[in-house]
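Colleague: I should be grateful for a close look at one part of this model, the nonpolar patch on the surface. Please set it against a buried site, and add what may be said of the confidence.

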Amino acid sequence: MVEVIAKIKIFQWELIHNMRWLYQGFRMSVPKSAALQLYRGLVRYARQLKLTDQDWALRRIREEFEAGRDARGKRARESYEVGIMRDGVVLSNPRATFHAPPGEGFRPSETAQHHRQQVVKLVLRAIKESGIKEPEKELDGIAFTKGPGMGAPLQVGAIVARTLSLQWNLPLLGVNHCVGHIEMGRLITGADNPVVLYVSGGNTQVISYSMHKYRIFGETIVGNCLDRFARVLKLSNDPFPGYNIEQMAKKGSKLVDLPYTVKGMDISFSGILSFIEKRANEWVEKGEFTREDLCFSLQETVFSMLVEITERAMAHTGNFVETPANGCSDE
Amino acid sequence: MDVDMNDETAEEKYEEGFGFEMDRKPMSQGAEARIFKSMYLGKPSIIKQRFAKKYRHSTLDERLNKHRVRAEVKGIMKAKQVGVETPALYFVDGERNEIVMERVEGCSAKEWIEKIRKENDEKEFKDNLSSFGILLGTKVGKLHAASVVHGDLTTSNVLLRDGNPQQIVLIDFGLCSQMKITAEEKGVDLYVLERAIASTHHDSEQLFKSVLEGYEKSGGKGAKGALEKLEEVRMRGRKRDMIG
């Protein structure tokens, strides 16, 4: 049994790994034919799978393919920040943001290039703004994001942090990306042992600290749901789909009956998406619901679900503390 | 109520409403409902009240609460039919979204596990845990075989009557679904339990292992498919690369 499981894992791991290639291939704008070839290759590969559900694999491949084909609507900004803090007070926090050209996602190499150009300026500005005269003596340590994320831009941060730590002889602290966000939220809100709803472009997780670890209680991808919904309604990607959905939703009033799926502390949006994808155009044509109504209903339903799982996590851990909804500090 | 039978409006008075008052002392509050301690016709009972959530759109909220009360009642009844013990239902008030049911004396499995961890040495603890796990797995297997998925299996939703690990009472069927149940849904149900155990009790991998053992024994022909799906669901999880 163990062997079989291990095999499945390897198979799926390879599959995911290959899909990542596919995904990045589109980002980097490989020629169309090459991408198609890759896609066909993957489909052929998936058909040979014996230990994995083929339908699932094929569906995932198609999803990634489609997601890659119009990678717009994906995160279009990436920023580099340098901050100096003392005893929980932020002394300075200048940032430089890289905006991808409209209608495209950003590319790792270009982002890294941008970061390299900005980083020295930023560090100098941070030190100046915080009023620190002798960084060697006044600073206690240097922390940097060690991931997860895109390799190239992360490297910029790591190199700068390492250089500074060697030069000033200060301890170097690598911080997990998510934990960094959470700790920031905790520090600023002053919440003690909170249940966190962490929403970023690629992840939506309910997280809480328990038994010496940050643990994920439930998860889903809300960003993907909003992006795909915006595509169904052909909403603009400028500045980003979620914003446009929100603007439309403000004008909506009728609530559409959408599937509401909560399982324990996990939720799933796939039901909502396929439900809407199937019917949206028909509804709008017949005038049964307007596009504004659909946006309104989607927001009401999706956000209710998110609040509910957070609430469930609170009941589960017994922490009835105010929750800082860590509203997407990336975007 | 004192009603004059000759009075023509008497009938209307009865029709007006099925007003009832019960003594209620707040006991606890979960994520979606308040629990009150109460007596129902001389029997110790609890009132589970699903109250309106302000953060939800009122239509959506009403729909969900009604649906969950219905799901809970149906789930409890079905579970009884297939021999999984659940609290006895005394009264359902669809208007106020309240269910009056038996008060199960004892403790939750969560408390029990932490208790025996303290009281017993490691080996005894593991033995106790695995015999409990097998039994729990059997119960879940029975439910699944009868096409019921619980939807929110956690150790706090498993009660032990009089603190006896042999007498498992399942509660909180609000998220349960019935009828057309796929292997996928069963797998997710197990996955929810696995995660709940992992996040509440440390070093208790043993527990879930024995749950699966018990599950496999009892679940009939659907069990194998569900276990395979469980493997698949585990693989899904979060996006492994965090690009974008």
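Modeller: The nonpolar patch on the surface is formed by A:Val90, A:Met184, A:Leu187 and A:Ile188, which together have about 340 Å² of accessible area. Please bear in mind that this is a predicted model. The element that gives the most to the patch is helix α7 of chain A, residues 177–189, with three residues. A:Leu187, one of the patch members, lies in this helix α7. With a relative accessible area of 39%, A:Leu187 is partly exposed; this value passes the threshold for patch membership, which is over 30%.

A:Thr301 may serve as the buried site. This residue has its place in helix α11 of chain A, which covers residues 291–317. Its relative accessible area is 1%, and A:Thr301 therefore counts as buried, the limit being under 20%. Leaving aside residues up to four places away in sequence, A:Thr301 touches A:Leu258, A:Pro259, A:Tyr260 and A:Ile272 in chain A, as well as B:Leu60 in chain B.

As to confidence, the model scores ipTM 0.74 and pTM 0.68. For chain B, the mean pLDDT is 81, and 88% of the residues reach 70 or more. Residues 239–244 of chain B call for caution, with pLDDT under 50 throughout. The model has 18 contacts beyond four places in sequence for this stretch of chain B. Where pLDDT is low, predicted coordinates should not be read in detail.

Notes:
Residues numbered from 1 in each chain as written. Chains lettered and ligands numbered in written order. Predicted model: local features only at pLDDT ≥ 70, side-chain atom pairs only at ≥ 80, totals over all residues. Heavy atoms only, no water. Patch = residues over 30% accessible without salt bridge, like charges linked within 9 Å, V, L, I, M, F, W, Y side chains within 5 Å. Areas by Shrake-Rupley, 256 points an atom, 1.4 Å probe, with all protein chains shown as cover. Salt bridge = Lys/Arg side-chain N within 4 Å of Asp/Glu carboxyl O. Helix = DSSP H or I, 4+ residues; strand = E, 2+ residues; numbered from the N terminus. Buried < 20%, exposed > 50% of the residue type's maximum accessible area, 1.4 Å probe, protein only. pLDDT = per-residue confidence, 0-100. Contact = heavy atoms within 4.5 Å.
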